[in-house]
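Trainee: Could you take me through one part of this model closely, residue by residue, and tell me how buried or exposed each piece of it is? I would like the wider setting as well, once the details are clear.

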Amino acid sequence: MDTPITCVFCLVLSHFLATATQGVVCRPGCHPQNGFCETSGECRCQPGWKGQFCNQCVVFPGCLHGNCTQPWQCVCEEGWVGSLCDIDIHPCASKPCFSNSTCIETGDGGYICLCAPGFTGKTCLLKKGPCVTNGSPCQNGGTCIDDNGFASHPSCQCPSGFIGNFCEIDGDNCNPNPCHNGGRCINIDSGFLCHCIVGFTGQSCNDPMPLCKSNQCSNGGTCYEKPDGFQCMCPSEYTGSTCTYINRNKSTYAIGSSKTHAYFFPPGSNHKSMQHPGHEVLKITVKETIHNIDPFLNRSQVVCFIVLGLLTCLIVLITTGIVFFSKCETWIANAKYSHLLRKKKDFYMKTSTEGDHDVKIIFPEKVKIANYSRNYTSI
């Protein structure tokens, strides 16, 4: 520490002597080491110093409860510690503990509250009420409430499905109604049961269900889905929206491919009639059955046969092309050989005539080529 201060002092002194030799006089009272001037009457501070006469040191940045004797120091005041003097070693001076409790300092800026009888918490602000002293009396997951300890007796906040002072009674599981989409709730021992309306299913009637899946039609009726609901096609003996009523007057009815007709004739006809109160009715029932003849082949089978036929034709065409190409190559090779044979024959005949010699040359007229090349230039 002494060497840097000595160097700074030497620099300031040399600067002061230089300015003095030049006839510049600083403001009266300006610190000779911490201040300097370039013109007469001013006092400019060296780094780390401040004030009118440059006689006040600058503390370390962020120092809260400290001062300095040299620049950039942070010397803590009484009751504060830390590199920035921001930790109070006497926290109990602010009396953070309530309800006549005792505050004990830990020496590192912390404290502990020794609560008076009947109080609890970090600052002894909470009273030890019946929920703490006697324990929670609530059953089935209920929450004990005693107004932060200031209530004379505990109370219980019960979860859904339980009631009573201590949540000991299995209450109304259907309040509020857990069933959706118009379902009817029924209390059972283990909870609740939902009876869903037509078109919904699931524990809470949340899942849509096809209308005809639940077999809405009675007495053998056939259910058909419609955009606005469903329709039952009843046998001739029953009628109604769900085929629940007996058909007293049978009328025209159709189901599937069968048709049932009921004809009523007026009294006085020549047909044999049955006696009914008030009129005579002859009832004739005719049943027509239409059999749907399935096609010999369905659509998928036709498509399969067409694809197999096309593949067969393609294989035949490829095989024919290969055979034809092989024959063409053989024919071209024999043609080239015949042409070359004629040239050689003419050459030997000419030579024989000029030399007056008889030469008998026998050449094969055709050659069977199994393995051949595409170039034939000599024999």
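Mentor: Happy to. Let's begin with C328, which has a relative accessible area of 27% and is therefore partly exposed, the buried class being reserved for values under 20%. C313 is partly exposed too, with a relative accessibility of 47%. Please keep in mind throughout that this is a predicted model, so every value here is computed from predicted coordinates.

Now to the part I would look at most closely, the surroundings of C54. This cysteine has 0% relative accessibility, so it counts as buried. Its partner is C45, and the two are joined by a disulfide with the sulfur atoms 2.0 Å apart. The torsion about that S-S bond is -95°, which makes the link left-handed. The two ends of the bridge sit in unlike settings: C54 is buried at 0%, whereas C45 has a relative accessible area of 27% and is partly exposed.

What does C54 touch, leaving aside its neighbours within four places in sequence? The contacts are H31, N34, G35, C43, R44, C45 and W49. Two of these names lead us further. C43 appears again with C54 in the largest nonpolar core, a set of six residues that also takes in V24, C26, C30 and C37. R44, in turn, takes part in a salt bridge: its side chain meets that of E38, with 3.3 Å from N to O. In general, side chains of opposite charge can pair when their charged atoms come close. The whole structure holds one salt bridge, and E38 and R44 form a pair of this kind. With 38% relative accessibility, R44 counts as partly exposed. So around C54 you can follow a partly exposed arginine, a partly exposed cysteine partner and the membership of C54 itself in the core.

A little further along the chain comes another bridge, between C57 and C68, whose sulfur atoms are 2.0 Å apart. Here the torsion is 110°, and the link is right-handed. The bridge connects distant parts of the chain: C57 belongs to strand 4 (residues 56-57), while C68 is in the loop between strand 5 (66-67) and strand 6 (75-76), eleven residues apart. Both C57 and C68 are buried.

For comparison, look at C115 and C124. Their disulfide has an S to S distance of 1.9 Å, and the -90° about the S-S bond gives a left-handed link. C115 counts as partly exposed at 29% relative accessibility, while C124 counts as buried at 0%. These bridges belong to a total of 17 disulfides found in the whole structure.

Two backbone details deserve a look as well. Most residues other than glycine have a negative phi. N100, however, has a positive phi near 60° without being a glycine. You will find N100 in the loop between strand 8 (87-88) and strand 9 (102-105), and its relative accessibility of 78% means it counts as exposed. C205 also has a positive phi of about 60° although it is not a glycine. That cysteine lies in the loop between strand 19 (200-201) and strand 20 (207-208), yet with 0% relative accessibility C205 counts as buried.

Let's step back to the whole chain. There are three helices and 29 strands. Among the 379 residues, 20% count as buried, and the chain exposes about 27800 Å², of which carbon and sulfur atoms supply 58%. Taking the contacts with a separation of 6 or more, 16% are between residues 24 or more positions apart.

Finally, the surface. In soluble globular proteins, nonpolar side chains tend to be buried together. Here, though, a nonpolar patch sits on the surface, made of L297, V302, V303, F305, I306, V307, L308, L310 and L311, with about 810 Å² of accessible area together. One of its members, I306, lies in helix 3, which runs over residues 299-354. If you set that patch beside the six-residue core containing C54, you have nonpolar groupings in two settings: one on the surface and one built from buried residues.

Note on methods: Residues are numbered from 1 along each chain as its sequence is written. This is a predicted model: local features need pLDDT of at least 70, side-chain atom pairs count only at pLDDT 80 or more; totals for chains, interfaces and linings use all residues. Side-chain values use heavy atoms; hydrogens and water are left out. Patches are made of residues with over 30% relative accessible area and no salt bridge: like charges are joined within 9 Å, nonpolar side chains (Val, Leu, Ile, Met, Phe, Trp, Tyr) within 5 Å. Accessible areas come from the Shrake-Rupley method with a 1.4 Å probe; for residues, only the protein chains shown count as cover. A salt bridge is a side-chain nitrogen of Lys or Arg within 4 Å of a carboxyl oxygen of Asp or Glu. Helices (H or I, at least four residues) and strands (E, at least two) are DSSP runs, numbered from the N terminus. Buried means under 20% relative accessible area, exposed over 50%, partly exposed in between (1.4 Å probe, protein chains only). Contact means heavy atoms within 4.5 Å. A disulfide is a pair of cysteine sulfur atoms within 2.5 Å. A nonpolar core is a set of buried Ala, Val, Leu, Ile, Met, Phe, Trp, Tyr and Cys residues joined through side-chain atoms within 4.5 Å.
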